[in-house]
Amino acid sequence: MSLLSLKTMQTQIGQYAVLHDVTMDVPQGGVFVLLGRNGAGKTTTLRSIMGLWKPSPGSVTFRGQDITGLHTADIARLGIAFVPENMGIFGGLTVEENLILATAKGTFDPDRLQRVYRLFPALETFWTKQAWSLSGGQKQMLSVARAIIEPRELILIDEPTKGLAPSIIDAMAEAFREIAEHATILLVEQNFEFAKSLGRDMAVIDDGRIVHRGTMADFVVDKALQDRLLSLSA
Amino acid sequence: MEQLNKTLERFGGVNLLPVAVALVAFVLIGAPSSWVTLTVAGLAMGMMIFLMASGLSLVFGLMDVLNFGHSAFVSFGAFVAASVLGWLAGWLGSDSVFLNAAAILLAFTAAILFGLIAGWFFETVVIKPVYNDHLRQILITMGALIVSEQIILAVWGGTPMSVPRPQFLEGSVLIGDVANEVYRLFAFVLGLIVYLALYVTLNRTRIGLLVRAGVENREMVEALGFRIDRLFIGVFMAGSALAAMGGAMWAGYETLITPALGAEMMIVVFIVVIIGGLGSVEGTLLGAIMVGLVANYVGFLAPKLALASNMLLMMAILLWRPNGLRPAVK
Amino acid sequence: MTDTDTQGGRIVKLAVLVIAALLLFAPFLFQDIRSLEVAARICVFIVLVASYDLLIGYTGIVSFAHTMFFGFGAYGAAISLKQMGPGWDAVIVGAVAGIAVSVVIAIAIGLLSLRVKAIFFAMITLAAASVAMVLASQLSHFTGGEDGITYRTPDIFKTATKLMVNDEGKVARLFGVKLNGKLAAYYFVFASSLILFTVILRLVGSPIGTVLKAIRENEARAEAIGYRVVAYRTFVFCFAVVIASLAGTIYAIWLKYTGPDTALSFTIMIDILLMVVIGGMGTMWGVVIGATLLVLAQYYLRDLMGSAAEALSDLPLLPYVLDPDRWLFWLGIIFILLVYFFPKGIAGTIAARGSRA
């Protein structure tokens, strides 16, 4: 059984229908990559899963439980973490406060904290700094760290490499691989190079519809399909 | 220039503004004793206005809800406290400081309790249906303000009501050789205590952390698993209670109150939160102190300008910083 | 106004036509002074509320200073008529002065607040209006303070003026109505209100009106398409303010008196809000209906409440509830309920109903 499954999900924002038919299954474990052009509906898909937009009709099922229409906070409590496109960092709070906020009880589990330090050493360095003063890459690390400070089964990550330097992207890929050993990552990306090094299964969304599902290995070798769906090499 | 900015920032940045204003006023006024009196009056007024304004600012920051009816809590607080003090006139007149203090404590408690209950009612009945709809929010809270004012008129009548003060808060004390009204000092100290309590709550507790984070990015706090809407009722009630307490203190300060009090204070409160930057408690305090000081200084230096002084202050600050002095980080 | 072709839309239009006809023939249909007062007030308020609807209904910005601009026009006329004597030159000077002050202040407010959060705008207009109110009562040598100003208007509007005389040299009558200055004054109010209302209608129907709606529906999108949102907003604000100021001048000429109660008080602002919400935000037909209903209610329902309270004075509670002093309380309640349950107002709700049938 898949961990997360979306069935004919449709989402309207105001009077505009953004998602027309999003149907896909995210299996347990590893990195699942959702690719698509700008404005294809990738971010809206993640936000709809998170309950930040209400999909209707259609359904979202997580671990066999229908979570469509639940409050965002309740969805999060079921074990889904969200790393939004703008990172959603609380700039006025320190790195420590940002992280402690993400814990359910307000205290750190020492093992998980050590893990965060190991994955993202910069966060330990700037532990007491206000988050607005961090660099873009450090903010992204903080945002990801917030998602793993509590045990979560599914982590939604929206374009984590946007605007980051190549060296940081490599470090990020390393961290994602480690994270994906314990949890499932649903990664939304435009950076195909980054995505293909991580993903096992994948799907492509275009104009609010899932237009392709398959494994990353198959997709990588099929240049024609890539061109058609992503128009990468134009 | 940048160097200068950085140096200023290190010493407190915009927080220095009241000090600068006070220094300029000192030069203009010339007489140190008048200056001290005016400064104390300005600080006392600022702290009371801060109480009235802080809730409005937080409520806006957290939920994007602008409550035009906020000043109704100020009026109700003032009238409830005045009524309680009226009933306890015997205690107030007695020489026992204990009875005096008990009377004023009861009056403030009544105002705060009223604020909590009215806040709960207001949030659940009036505001909840119009979250995320600014236009209707403004209209409905305005309507609620009208109704509240009419209720005050119906209950307390339209004539000015005099507010008795406890014996031990009457008269003045000497600071150096300058006489200062006791009530002003009392108002300032009480306001400061409330501010510190608020500061500690916001910066040292988990709820405070949630509130601060929620003001910045409500969606993200929810995505981390917390129900901001449930937190919001609490913040709304606390804000209403603070406004009522501010009103109660203001009643004792003015000693004569009319139903128009709410409408008058609303303007000042709005100016304060706009100057300070919506959503930030520190900004609200800064704005309130500025308004209190400027109102008193200008009232002394150029009485004719006093009325427009708040407005001019707001215009000047908005031209300089369109989002206010210390807006919450968004 | 897209759905005025529906059955409901036709009902609304018909109602507006009936109101217009009644206002046109008011002096002949209702031959007492009070009724004429009511009719003139309706005319002026239709214009005032229509200009306000341009802001709240068509552009989606909430101003609490509309009465202030109305007051500028009224006080402009009042002060110049008082200082320069009753003549058309004074009226023109007053009207122009009112407009000038209004536009300058509107631009200042717009610059301060239309750029940033829309919500600031509501707060700043409220603050500005309250300062204006205080100033009017403080500068009493100029504005007459709380007492206001009484003055004479151009001679043609004097009640004693005979527009036509009959064979005996007395004022002529048409269908039993004296053709005197009062009649001239009423038709002055009616005609100038009609002109202003037509101007507003033209604006709403023009391409600018379409752009405004686009901005109201989706500001970010309108901006993305390339409309300069702030420029449009500032323009509409100034336009609405000029109309409000002119409405103030007209009302000042009709009343021959201007004071805080008739031209500046916050009660008028509340009236405007009620009228626009009752009629329906964003429809000019609704404005006509809302203004008419509320003015009628103010003049007649309030009296009715008074007499009802008196008649029931032996019963418990009821007289207290119906006391005319409770008027504003009930209006406030009705206002809130309307915004909750009928945000489209009477006109909008009826028009929409027809479209479903």
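# A walk through three chains

Start where chain B meets chain C: this contact takes 26 residues from chain B and 30 from chain C. Keep in mind as you click around that this is a predicted model. On the chain B side, the elements that give two or more residues are helix H7 (134-156), helix H12 (261-276) and helix H14 (306-320) of chain B. Select H7(B) before the others, since I'd like you to see where the largest share comes from: H7(B) gives twelve residues to the side that touches chain C. Now color that side by residue class, and you get 21 nonpolar, four polar and one charged residues.

**Chain B on its own**

Hide the rest and keep chain B. You'll find 14 helices and four strands in it. Its C-alpha atoms fill a box of roughly 55 × 55 × 35 Å along the principal axes. How does the radius of gyration of chain B sit against that of a compact globule with 330 residues? Such a globule would be near 20 Å, and chain B has 20 Å, so the two agree. Try coloring by burial next: buried residues make up 52% of the 330 residues in chain B. If you'd rather draw a contact map, take the contacts in chain B between residues at least 6 apart in sequence; 78% of these join residues at least 24 apart.

**Over to chain A, across the other contact**

Bring chain A back. The contact between chains B and A takes 17 residues from chain B and 20 residues from chain A. On the chain B side, select helix H9 (206-216) and helix H10 (218-223) of chain B, the elements that give two or more residues there. H9(B) supplies the largest share, six residues. By class, the side of chain B that touches chain A divides into nine nonpolar, two polar and six charged residues.

**Strands in chain A**

Stay in chain A and select strand S1 (residues 4-13). Seven bridges join S1(A) to strand S2 (residues 16-26) of chain A, and the two run antiparallel. For a landmark in this pair, zoom to Leu6(A), which stands opposite Met24(A) in S2(A). S1(A) is also joined to S4(A), by four bridges, and this pair runs antiparallel too. Here, pick Ser5(A): its bridge partner in S4(A) is Thr61(A).

Next stop, strand S6 (residues 80-83) of chain A. Which way do its side chains point? Ile80(A) and Phe82(A) point one way, Ala81(A) and Val83(A) the other way, and all are buried. In a regular strand, side chains alternate between the two faces of the sheet. For the neighbor, select strand S7 (residues 154-158) of chain A: four bridges join S6(A) to S7(A), and they run parallel. Ile80(A) stands opposite Leu154(A) in S7(A).

**Two loops with positive phi**

If you like checking backbone torsions, here are two for you. Select Arg63(A), in the loop between strand S4 (59-62) and strand S5 (65-66) of chain A. Its phi is near 50 degrees, a positive value in a residue other than glycine. Is Arg63(A) buried or exposed? Arg63(A) is partly exposed, because 16 other C-beta atoms lie within 10 Å, while a residue needs 20 or more to count as buried and 12 or fewer to count as exposed.

Then jump to Asp207(A), in the loop between strand S9 (201-206) and strand S10 (209-215) of chain A. Phi of Asp207(A) is near 45 degrees, again a positive value in a residue other than glycine. With 14 other C-beta atoms within 10 Å, Asp207(A) is partly exposed.

**Finish in chain C**

Now show chain C by itself. There are 17 helices and four strands in it. The radius of gyration of chain C is 21 Å, close to the 21 Å that the globule rule gives for 357 residues, so chain C is as compact as a globular protein of that length. The C-alpha atoms of chain C fill a box of roughly 70 × 50 × 45 Å along the principal axes, and buried residues make up 46% of the 357 residues.

For a last close-up, select helix H4 (residues 66-84) and helix H5 (residues 88-113) of chain C. Their axes come within 7 Å and cross at roughly 145 degrees, and the crossing is right-handed. Show side chains where they meet: among them are Phe69(C), Phe72(C) and Gly73(C) of H4(C), with Val91(C), Gly94(C) and Gly98(C) of H5(C). By class, this contact has twelve nonpolar, six polar and one charged residues.

Key. Residues are numbered from 1 along each chain as its sequence is written. Chains are lettered from A and ligands numbered from 1 in the order in which they are written. This is a predicted model: local features need pLDDT of at least 70, side-chain atom pairs count only at pLDDT 80 or more; totals for chains, interfaces and linings use all residues. Two residues are in contact if their C-beta atoms, placed from the backbone, lie within 7 Å. Ala, Val, Leu, Ile, Met, Phe, Trp, Tyr, Cys and Pro count as nonpolar, Asp, Glu, Lys and Arg as charged, and the others, Gly among them, as polar. Axes are lines fitted to C-alpha atoms, for helices over the stretch in contact, and angles run from 0 to 180 degrees between N-to-C directions. A crossing is left-handed if the near helix is turned anticlockwise from the far one by less than a right angle, and right-handed if clockwise. The radius of gyration is taken over C-alpha atoms; the globule rule is 2.2 Å times the number of residues to the power 0.38. Two strands pair if DSSP finds at least two bridges between them.
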